[in-house]
Amino acid sequence: MRSAARAANFHHSSMQNRITRISQTLGVDIRSAAGRERIAVAMLLWRVFRSPMI
């Protein structure tokens, strides 16, 4: 957690609070492998659909 927070330029407790809030909002435990996979797919789809179509 501390290394991820450092990489994102957050305090480790702020990072933990954000992870908890995201998990509760989405109903997915992003600390589990399945949760991380679901979040990765969701973020990929979000990026695809918000990018301008050529």
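**A three-helix chain and its one salt bridge**

Asp29 has a relative accessibility of 37%, so Asp29 counts as partly exposed. That value, like the rest of what follows, comes from a predicted model. The side chain of Asp29 meets that of Arg31 in a salt bridge, with 3.1 Å from N to O. Arg31 sits at 52% relative accessibility and therefore counts as exposed, given that the cut-off for exposed is over 50%. As for the bigger tally, the structure holds 1 salt bridge. In general terms, side chains of opposite charge can pair when their charged atoms come close.

Asp29 also turns up in the surroundings of Ser23. Leaving aside residues up to four places away in sequence, Ser23 touches Val28, Asp29 and Ile30. Ser23 belongs to helix α2, which covers residues 12-26. With a relative accessible area of 11%, Ser23 is buried, because the limit for that label is under 20%.

Zooming out, the chain has 3 helices and 0 strands, and along the sequence the pattern reads α-α-α. The radius of gyration is 13 Å, whereas the globule rule gives 10 Å for 54 residues; the chain's value is well over that, so the chain is more spread out than a compact globule. Along the principal axes, the C-alpha atoms fill a box of roughly 40 × 25 × 20 Å. Burial across the chain works out at 15% of the 54 residues. The accessible surface of the chain comes to about 4,700 Å², and carbon and sulfur atoms account for 59% of that surface.

On the inside, the largest nonpolar core is built from 6 residues, namely Ala5, Met15, Ile19, Val28, Ile30 and Ile39. Two of these names are familiar from above: Val28 and Ile30 are among the residues that Ser23 touches. Ala5, another member of the core, touches Phe10, His11, His12 and Met15 once residues up to four places away in sequence are set aside. Met15 thus appears both in the core and on the contact list of Ala5.

On the outside, there is a nonpolar surface patch of about 630 Å². The patch is made by Val41, Leu44, Leu45, Val48, Phe49 and Met53. Leu44 lies in helix α3, residues 33-50. Its relative accessibility is 49%, so Leu44 counts as partly exposed, since the exposed class takes over 50%.

Definitions and conventions. Residues are numbered from 1 along each chain as its sequence is written. This is a predicted model: local features need pLDDT of at least 70, side-chain atom pairs count only at pLDDT 80 or more; totals for chains, interfaces and linings use all residues. Side-chain values use heavy atoms; hydrogens and water are left out. A nonpolar core is a set of buried Ala, Val, Leu, Ile, Met, Phe, Trp, Tyr and Cys residues joined through side-chain atoms within 4.5 Å. Buried means under 20% relative accessible area, exposed over 50%, partly exposed in between (1.4 Å probe, protein chains only). Contact means heavy atoms within 4.5 Å. Patches are made of residues with over 30% relative accessible area and no salt bridge: like charges are joined within 9 Å, nonpolar side chains (Val, Leu, Ile, Met, Phe, Trp, Tyr) within 5 Å. Accessible areas come from the Shrake-Rupley method with a 1.4 Å probe; for residues, only the protein chains shown count as cover. A salt bridge is a side-chain nitrogen of Lys or Arg within 4 Å of a carboxyl oxygen of Asp or Glu. Helices (H or I, at least four residues) and strands (E, at least two) are DSSP runs, numbered from the N terminus. The radius of gyration is taken over C-alpha atoms; the globule rule is 2.2 Å times the number of residues to the power 0.38.
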